[in-house]
Amino acid sequence: MKFLRATKSGHVFQLKPLEQHLLLEVLSLYPLVPTTHHRLNKSGDDPQLDENQQLLEESLAEHRRENQRQVLDMLKQPQCLHETESGFELKLTRTQIEWLLQALNDVRVGSWLALGKPEADTVITPDTQQIARYHLAMDVCGMFQSMLLASLGVSESSDWIGD
Amino acid sequence: MADTEVLPAIEREKKTRAKSELETGWLVICWDDPINLMTYVTHVLQSVFGWNRQKAEHHMLEVHRQGKSVLARTTMEKAEHYVHELQKYTLHATMEREP
């Protein structure tokens, strides 16, 4: 994926056919993080928060359903995603970039959880098709996220070297 | 004449507001999930809290290097709001009672 330009109406990206296929493939996994993953409180034993925990889970589930609908509808619109001579062009408003970032990170984190929270330097052996799928999804989501963030001017700083 | 002083309504309102502003007691904490991209965490903190890049990076690096960062000290209601917003982005955030 390549960032082409930012216009008043949105950020324009160029995708190769394989990248377009991978984007739709990883988004088909969304939402992936279990609704019970998020806790209001670390220990989970604060009676004042018990009732609110259920509300939080319901609210997050509703938010993800809505985000899923928005992202899928968006990618069906030709003004958002259309084929070109060299592949595909993706045009996103700032709001649509946020929708996509949330969906991609959900799939990235969800894949990581499904793989057992491996450390960054762990070599994952794709023993099964399911492991291979999550491993690929994790990397692909990270790649798309980095490109979207770079288009917003958020890139790694030299101060982070070594981290 | 009564000994007690009756404050004008506007004064009472000011005192009430000042009291509620002091009723904080909750910390919004972001925990390290090594899977999250550093750039992504920086972006989310800027979006949710409206911070500038420098402040967002400071907290992101604290999460990355120390395992957690206290993002806000606030009321229960606001803490719930922030935690919810951060979790929409799949960041690992919780609210804890201030010790």
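What follows is a dialogue about a predicted model, taking helix packing, strand pairing and the contact between chains in turn.

Colleague: Why are H1(A) and H4(A) called roughly perpendicular to each other?

Modeller: The axes of helix H1 (residues 17–27) and helix H4 (residues 129–151) of chain A cross at roughly 115°. Angles of 65 to 115 degrees count as roughly perpendicular, and H1(A) and H4(A) therefore get that description. The two axes come within 10 Å, and the crossing is left-handed.

Colleague: Which residues make the contact of H1(A) with H4(A)?

Modeller: H1(A) brings Leu22(A), Leu23(A) and Val26(A), while H4(A) brings Ala137(A), Val140(A), Cys141(A) and Phe144(A).

Colleague: How many of these are nonpolar, polar or charged?

Modeller: Seven are nonpolar, with no polar and no charged residues in this contact. Ala, Val, Leu, Phe and Cys are among the types that count as nonpolar.

Colleague: What makes strand E2 (residues 10–15) and strand E4 (residues 88–92) of chain A a pair?

Modeller: The criterion is at least two bridges, and E2(A) and E4(A) have five, in the antiparallel sense. One of the residues involved is Leu15(A), whose bridge partner in E4(A) is Phe88(A).

Colleague: In what sense does strand E3 (residues 81–83) of chain A pair with E4(A), and over how many bridges?

Modeller: E3(A) and E4(A) pair in the antiparallel sense over three bridges; at least two are needed. Here Glu83(A) stands opposite Phe88(A). E3(A) and E4(A) form a hairpin with four residues between them. In its turn, Gly87(A) has a positive phi of about 160°.

Colleague: How many residues does each chain give to the contact between chain A and chain B?

Modeller: Chain A gives 30 residues and chain B gives 21 residues. On the side of chain A, helix H2 (47–76), helix H3 (94–114) and H4 each supply at least two residues. H3(A) has the largest share, six residues.

Colleague: What is the division by class on that side of chain A?

Modeller: Eleven residues are nonpolar, twelve are polar and seven are charged.

Colleague: What pattern does chain B follow along the sequence?

Modeller: Chain B reads α-β-α-α-β-α-β, with four helices and three strands.

Colleague: How many residues does chain B have, and what percentage is buried?

Modeller: Chain B has 99 residues, of which 36% are buried. To be called buried, a residue needs 20 or more other C-beta atoms within 10 Å of its own. Of the contacts in chain B between residues at least 6 apart in sequence, 69% join residues at least 24 apart.

Technical notes:
Residues are numbered from 1 along each chain as its sequence is written. Chains are lettered from A and ligands numbered from 1 in the order in which they are written. This is a predicted model: local features need pLDDT of at least 70, side-chain atom pairs count only at pLDDT 80 or more; totals for chains, interfaces and linings use all residues. Axes are lines fitted to C-alpha atoms, for helices over the stretch in contact, and angles run from 0 to 180 degrees between N-to-C directions. Angles under 35 degrees count as roughly parallel, over 145 as roughly antiparallel, 65 to 115 as roughly perpendicular and the rest as oblique. A crossing is left-handed if the near helix is turned anticlockwise from the far one by less than a right angle, and right-handed if clockwise. Two residues are in contact if their C-beta atoms, placed from the backbone, lie within 7 Å. A residue is buried if 20 or more other C-beta atoms lie within 10 Å of its own, exposed if 12 or fewer, and partly exposed in between; C-beta atoms are placed from the backbone.
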